[in-house]
Amino acid sequence: MAVLYRGQLPKPVAYTIAAVIFTIFAVVLGYAIYSNVQSSRDTEETASKRYAEADNLVCPPQTNRIEDLEGSYPKFYCVGFDGKQGTMMEFDAHGRIKLIANYDKDKLQGEWTSYHPNGKIDTKGMMENDMRQGVWNQYYVNGELRSVKTYKDSLQNGDVELYYQTGGLMAKGAFVDNLEQGPWKVYTPEGECARECTMVDGKEEDCEIFIKDYQITTKSYNSGDLGAL
């Protein structure tokens, strides 16, 4: 049988209710304090990671370190009497590494590497007097190889291989002065040869089509941006 209390509750019941309310209040307050402290730690940790790679930037003798934090892409580099010298690092708006390049007397020389926001390499190759030279590799954001191209004085010259994001070969052929030339083959993601053409100054001639709807796709890789092949 239920017992109804009128007026004041018995002391044991009142004490129990008060204890429960106090416990709930303490738990809520404790969680709020913990969340605030954890948020502050996360903010400090994130801030400490911004431009982290710049801590390793060592300037050559007789140069000064420059920290250009203005604009969309903050940069760290060294400047001497002959302009930029040594390593240059560029970061995105979130402080993540975007590009590492090297200068000698204000010209890009040596290894040039750009990065995806997740830290994986986007594009990598060699520079000589501000121009691309030799083999350049580009990668998908998942780390899979996207393309292999050969440059001479920033113009594509030589063999080219393009890959699907799953890792299979997409197409292969050659360039002469930035135009597709000679035999080209295009493959399906399953590795079957879908199309084989002779290219003349970037145009298809004498094509043999084995599977429809597969084209030579190098045009989608061309860009005036140095960060794209």
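**Entry 1. Strand pairing**

I count two strands as paired if DSSP finds at least two bridges between them. I note at the outset that the model is predicted. I looked up the partners of strand β6, residues 110-115. With strand β4 (residues 97-104), β6 pairs in the antiparallel sense over two bridges. Within β6, T113 is the residue that stands opposite I100.

I then turned to strand β7, which spans residues 121-128. β6 and β7 run antiparallel and are joined by six bridges. Y115 faces I121 of β7, the two standing opposite each other. The hairpin of β6 and β7 has five residues between the strands. I recorded a positive phi near 95 degrees for G119 in this hairpin.

**Entry 2. The loop at V141**

I located V141 in the loop between β8 (131-139) and β9 (145-152). Its relative accessibility is 39%, so I entered V141 as partly exposed. Which residues does V141 contact, leaving aside its neighbours within four places in sequence? I found H116, N118, K120 and Q165. I also took the C-alpha separation of V141 and D122, which is 7.0 Å for residues 19 apart along the chain.

**Entry 3. Disulfides**

I searched the whole structure and found two disulfides. Numbered in sequence order, the bonded cysteines pair as 1-2, 3-4.

In the disulfide of C59 and C78, the sulfur atoms are 2.0 Å apart. The angle about the S-S bond is -80 degrees, and the link is left-handed. This pair links distant parts of the chain, 19 residues apart. I placed C59 in the loop between α1 (11-49) and β1 (64-68), and C78 in strand β2, residues 75-80. Are the two cysteines buried or exposed? C59 is partly exposed at a relative accessible area of 23%, whereas C78 is buried at 0%.

C197 and C207 form a disulfide with their sulfur atoms 2.1 Å apart. I read a torsion of about 115 degrees about this S-S bond, so the disulfide is right-handed. C197 belongs to strand β14 (residues 193-200) and C207 to strand β15 (residues 203-209), so the link ties together parts that are 10 residues apart in sequence. C197 is buried, with a relative accessible area of 3%; C207 is partly exposed at 32%.

I also checked C193, which is in no disulfide. The nearest cysteine sulfur to that of C193 belongs to C197 and is 9.2 Å away. C193 has a relative accessible area of 25%, so I listed this cysteine as partly exposed.

**Entry 4. Nonpolar cores**

I next asked which residues make up the largest nonpolar core. This core has 11 residues: Y140, V160, L162, Y164, M170, A171, F175, W184, V186, C197 and M199. Two or more residues come from each of β10 (155-163), β11 (169-176), β13 (182-187) and β14. β11 gives the largest share, three residues. C197 thus appears in my notes both as a member of this core and as a disulfide partner of C207.

A second core, separate from the one above, holds 10 residues. Among them are Y77, M88, L99 and Y151.

**Entry 5. Salt bridges**

My search of the whole structure gave five salt bridges. I describe some of them here.

R65 and E67 meet through their side chains at 2.9 Å, N to O. R65 is partly exposed at 34% relative accessibility, and E67 is partly exposed at 46%.

E90 and K75 form a salt bridge with their closest N and O atoms 3.5 Å apart. E90 lies in strand β3 (residues 83-91) and K75 in strand β2, so this pair ties together parts that are 15 residues apart in sequence. I checked E90 against the cut-off for burial, which is under 20%. E90 has a relative accessible area of 9% and is therefore buried. K75, at 24%, counts as partly exposed.

D92 and R96 meet in a salt bridge at 2.8 Å, N to O. D92 counts as buried at 11% relative accessibility, while R96 is partly exposed at 35%. Finally, I noted one network, in which salt bridges that share partners join K75, E90 and K98.

Technical notes
Residues are numbered from 1 along each chain as its sequence is written. This is a predicted model: local features need pLDDT of at least 70, side-chain atom pairs count only at pLDDT 80 or more; totals for chains, interfaces and linings use all residues. Side-chain values use heavy atoms; hydrogens and water are left out. A disulfide is a pair of cysteine sulfur atoms within 2.5 Å. Helices (H or I, at least four residues) and strands (E, at least two) are DSSP runs, numbered from the N terminus. Buried means under 20% relative accessible area, exposed over 50%, partly exposed in between (1.4 Å probe, protein chains only). A nonpolar core is a set of buried Ala, Val, Leu, Ile, Met, Phe, Trp, Tyr and Cys residues joined through side-chain atoms within 4.5 Å. Contact means heavy atoms within 4.5 Å. A salt bridge is a side-chain nitrogen of Lys or Arg within 4 Å of a carboxyl oxygen of Asp or Glu.
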